[in-house]
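Colleague: I have not looked at this structure before. Could you take me through it, one topic at a time?

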Amino acid sequence: MDKFKHIDTWVFDLDNTLYDAETGVFVKVGAQMTNFVADLLKVSPEEANIIRKEYWKKYGTTLRGLMLEHKIEPYRFLEHAHDFDISDVPQCAVTQEYLQHLVGKKIIFTNAPREFAERMTKHLGIRDHFDHIFAIEDANFIPKPDLIPYRAVIEKFDFDPRRACMFEDMEINLKTAADLGMTTVWFHGQHQDPHEHDHPHVHHKAEKLSDWLRHTIRKK
Ligand SMILES: [Mg+2]
């Protein structure tokens, strides 16, 4: 815990961070996005996937691409993308119990919409641990890793990034955080080789949040 002694603000990504990638939730979001694009542009799911990949590369998210190139109404897209049952996503007893031992402000900072972040954290039994949620609509639909939403979250919740720690499964999103002075923890999951991503902006690594919590809090 020594390396985190100075931290008074804990910033968490949602997808594949507060729940495991193994749950397949993110795959469902992707499938919903693909069929939205296929319907909208009257193309096959295969073509829709190619378009989504292009948007990812060019704009950071499918949503941003659709907003800029097709002027879609963002809430309609976000609602469709997250319109599925999450009741089979397993809760994590370690996360439920250990989060309270991180002393300080806890914030969820996600490229997902607020409704989904609320629903998911309630389902996981961890909603009460968090003081604030900063969702994609709070960021004017500009996703991480763009600097704009990081600046907005810091300003809105008034914390010093040098005393903040950010948790993410996408290491690229930690680059901006580290540039701003935050301490970073990257969750590589089961299928990524942690040594392939030895970037200076990744300060600490663990397979998943429950591992990090167990390991770090025990050493307090
Ligand atoms: Mg994520």
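Colleague: Which residues of helix 7 are buried?
Modeller: This is a predicted model. In helix 7, which spans residues 147-157, the buried residues are Pro-149, Tyr-150, Val-153 and Ile-154.

Colleague: Why do they line one face of the helix?
Modeller: Viewed down the axis of helix 7, the buried residues fall within an arc of 135°, so they line one face.

Colleague: And what does the face turned away from the buried side carry?
Modeller: That face of helix 7 carries the exposed residues Leu-147 and Glu-155.

Colleague: What covers the buried residues?
Modeller: The cover includes strand 2 (105-109), strand 3 (132-134) and helix 8 (172-179). Helix 7 lies across strand 2 and strand 3, and it runs at about 150° to strand 2.

Colleague: What happens just after helix 7?
Modeller: Asp-158 takes a positive phi there, of about 50°.

Colleague: Let us turn to the sheet. What is the order of its strands?
Modeller: The six strands form an open sheet in the order 3-2-1-4-5-6, and their pairing is parallel. Strand 3 and strand 6 (204-206) are the edge strands, each pairing on one side only. On average, neighbouring strands of this sheet are turned by 20° against each other, direction ignored.

Colleague: How many bridges join strand 1 and strand 4?
Modeller: Strand 1 (residues 9-12) pairs with strand 4 (residues 164-168) in the parallel sense over four bridges. Val-11 stands opposite Met-166 of strand 4.

Colleague: Which residues is Val-11 in contact with, leaving aside its neighbours within four places in sequence?
Modeller: Val-11 is then in contact with Ile-107, Phe-109, Ala-164, Cys-165 and Met-166.

Colleague: Which strands does helix 9 lie across?
Modeller: Helix 9 (residues 209-218) lies across strand 4, strand 5 (183-187) and strand 6, and its direction is at about 115° to strand 6.

Colleague: Now the interior. Which residues have the most contacts inside the largest nonpolar core?
Modeller: They are Val-11, Phe-12 and Met-166, in a core of 37 residues. Among the elements that give two or more residues to this core are strand 1, strand 2, helix 6 (114-124) and helix 7. Strand 4 supplies the largest share, four residues.

Colleague: What lies apart from that core?
Modeller: Another core lies apart from it, with eleven residues, including Met-33, Val-37, Ile-51 and Ala-81. As a general point, nonpolar side chains tend to be buried together in soluble globular proteins.

Technical notes:
Residues are numbered from 1 along each chain as its sequence is written. This is a predicted model: local features need pLDDT of at least 70, side-chain atom pairs count only at pLDDT 80 or more; totals for chains, interfaces and linings use all residues. A residue is buried if 20 or more other C-beta atoms lie within 10 Å of its own, exposed if 12 or fewer, and partly exposed in between; C-beta atoms are placed from the backbone. The arc is that of the directions from the helix axis to the C-beta atoms. Two residues are in contact if their C-beta atoms, placed from the backbone, lie within 7 Å. Two strands pair if DSSP finds at least two bridges between them. Axes are lines fitted to C-alpha atoms, for helices over the stretch in contact, and angles run from 0 to 180 degrees between N-to-C directions. A nonpolar core is a set of buried Ala, Val, Leu, Ile, Met, Phe, Trp, Tyr and Cys residues joined through C-beta atoms within 7 Å.
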